[in-house]
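Reader: I am new to this one and would like to go through it slowly, if you have time. Could you show it to me before we start?

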Amino acid sequence: MPVDLLFIGGALYACGIDGHLKAFLKALKKEDVKRAAVFSTSCISRHALSLIKSSLTEAGIPVAEESFYSKGRPDGRQLQEAEAYTKKLL
Ligand SMILES: Cc1cc2nc3c(=O)[nH]c(=O)nc-3n(C[C@H](O)[C@H](O)[C@H](O)COP(=O)(O)O)c2cc1C
């Protein structure tokens, strides 16, 4: 039974994503997930968003156009924005 909506994300480390996240993405199949939504944190770059999105797209998994990004770990306001983002997509 596929997941209706998978929220998936991670930070950027030395211009790449974490190896565990990479392996998880590689193992995902389009039969597992109907749609995905992507989020990330980092110091500066939003590159993790495109790395995660392209991996999902390559697997044939539809990705929500809108993603969520936080510069650094989310604080109170960004957590509220993250909550609003998830509610919007559900
Ligand atoms: C080893 C390391 C490498 C990082 N490399 C980048 C980077 O290339 N670009 C960037 O914008 N942020 C970089 N960052 C910042 C992290 O993406 C950012 O702190 C993120 O919010 C960390 O999330 P976490 O605390 O959940 O691990 C790096 C952080 C660490 C610790």
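Author: Before we talk about who touches whom, one term is needed: two residues are in contact if their C-beta atoms, placed from the backbone, lie within 7 Å. Please also keep in mind, as we go on, that this is a predicted model.

Reader: Good, then let me try that on one residue: what does Ile-61 touch?

Author: Setting aside residues up to four places away in sequence, Ile-61 touches Leu-28, Lys-30, Val-33, Ala-36 and Leu-56. Ile-61 also belongs to the largest nonpolar core, where Ala-36, Val-38, Ala-48, Ile-52, Leu-56, Ile-61 and Val-63, out of 14 residues, touch the most other members.

Reader: And which elements give two or more residues to this core?

Author: Those elements are strand 2, residues 36-42, and helix 2, residues 47-58. The largest share comes from helix 2, which gives five residues to this core.

Reader: Let me turn to the sheet, then. What is the order of the strands, and how do they pair?

Author: The sheet is an open one of three strands, in the order 1-2-3, and the pairing is parallel. Strand 1 and strand 3, the latter covering residues 68-71, are the edge strands, since each of them pairs on one side only. Neighbouring strands of this sheet are turned against each other by 15° on average, when direction is ignored.

Reader: How many bridges are there between strand 1 and strand 2?

Author: Strand 1 and strand 2 are joined by six bridges, in the parallel sense. To take one residue as an example, Phe-7 has Ala-37 as its bridge partner in strand 2. Helix 2 packs on the sheet, where it touches strand 1, strand 2 and strand 3, and its direction makes about 155° with that of strand 2.

Reader: I also see a ligand, so which residues surround the ligand?

Author: The residues around the ligand are Ala-11, Leu-12, Tyr-13, Ala-14, Cys-15, Thr-41, Ser-42, Cys-43, Ile-44, Ser-45, Gly-72 and Arg-73. Sorted by class, this shell holds seven nonpolar, four polar and one charged residues.

Reader: Let me pick Ala-14 from that list. Where does Ala-14 sit, and is Ala-14 buried or exposed?

Author: Ala-14 has its place in the loop between strand 1, residues 6-11, and helix 1, residues 19-27. Ala-14 counts as exposed because it has 5 C-beta neighbours inside 10 Å, and a residue is exposed if that number is 12 or fewer. The backbone deserves a look here too, as phi of Ala-14 is near 50°, a positive value in a residue other than glycine.

Reader: What about Cys-15, what is its phi near?

Author: Phi of Cys-15 is near 65°, and here again the value is positive in a residue other than glycine. Cys-15 lies in the loop between strand 1 and helix 1, and Cys-15 counts as exposed because it has 10 C-beta neighbours inside 10 Å.

Reader: Changing topic, I noticed some lysines; where is Lys-34 found, and what is in contact with it?

Author: Lys-34 is found in the loop between helix 1 and strand 2. If neighbours within four places in sequence are left aside, Lys-34 is in contact with Pro-2, Val-3, Asp-4 and Leu-5. With 13 C-beta neighbours inside 10 Å, Lys-34 counts as partly exposed. The C-alpha atoms of Lys-34 and Met-1 are 9.8 Å apart in space, although the two residues are 33 residues apart in sequence.

Reader: And how is Lys-29 placed, is it buried or exposed?

Author: Lys-29 is exposed because it has 10 other C-beta atoms within 10 Å, and it is found in the loop between helix 1 and strand 2. From C-alpha to C-alpha, Lys-29 and Ala-59 are 6.1 Å apart, with their positions 30 residues apart in sequence.

Reader: One more, please: which residues does Leu-89 touch?

Author: Not counting residues up to four places away in sequence, Leu-89 touches Leu-5, Ala-37 and Ala-64. Leu-89 lies in helix 3, residues 76-89, and with 14 C-beta neighbours inside 10 Å it counts as partly exposed. Leu-89 and Leu-5 are 84 residues apart in sequence, yet their C-alpha atoms are 8.6 Å apart in space.

Methods. Residues are numbered from 1 along each chain as its sequence is written. This is a predicted model: local features need pLDDT of at least 70, side-chain atom pairs count only at pLDDT 80 or more; totals for chains, interfaces and linings use all residues. A residue is near a molecule or strand if its C-beta atom, placed from the backbone, lies within 6 Å of it. Ala, Val, Leu, Ile, Met, Phe, Trp, Tyr, Cys and Pro count as nonpolar, Asp, Glu, Lys and Arg as charged, and the others, Gly among them, as polar. Helices (H or I, at least four residues) and strands (E, at least two) are DSSP runs, numbered from the N terminus. A residue is buried if 20 or more other C-beta atoms lie within 10 Å of its own, exposed if 12 or fewer, and partly exposed in between; C-beta atoms are placed from the backbone. A nonpolar core is a set of buried Ala, Val, Leu, Ile, Met, Phe, Trp, Tyr and Cys residues joined through C-beta atoms within 7 Å. Two strands pair if DSSP finds at least two bridges between them. Axes are lines fitted to C-alpha atoms, for helices over the stretch in contact, and angles run from 0 to 180 degrees between N-to-C directions.
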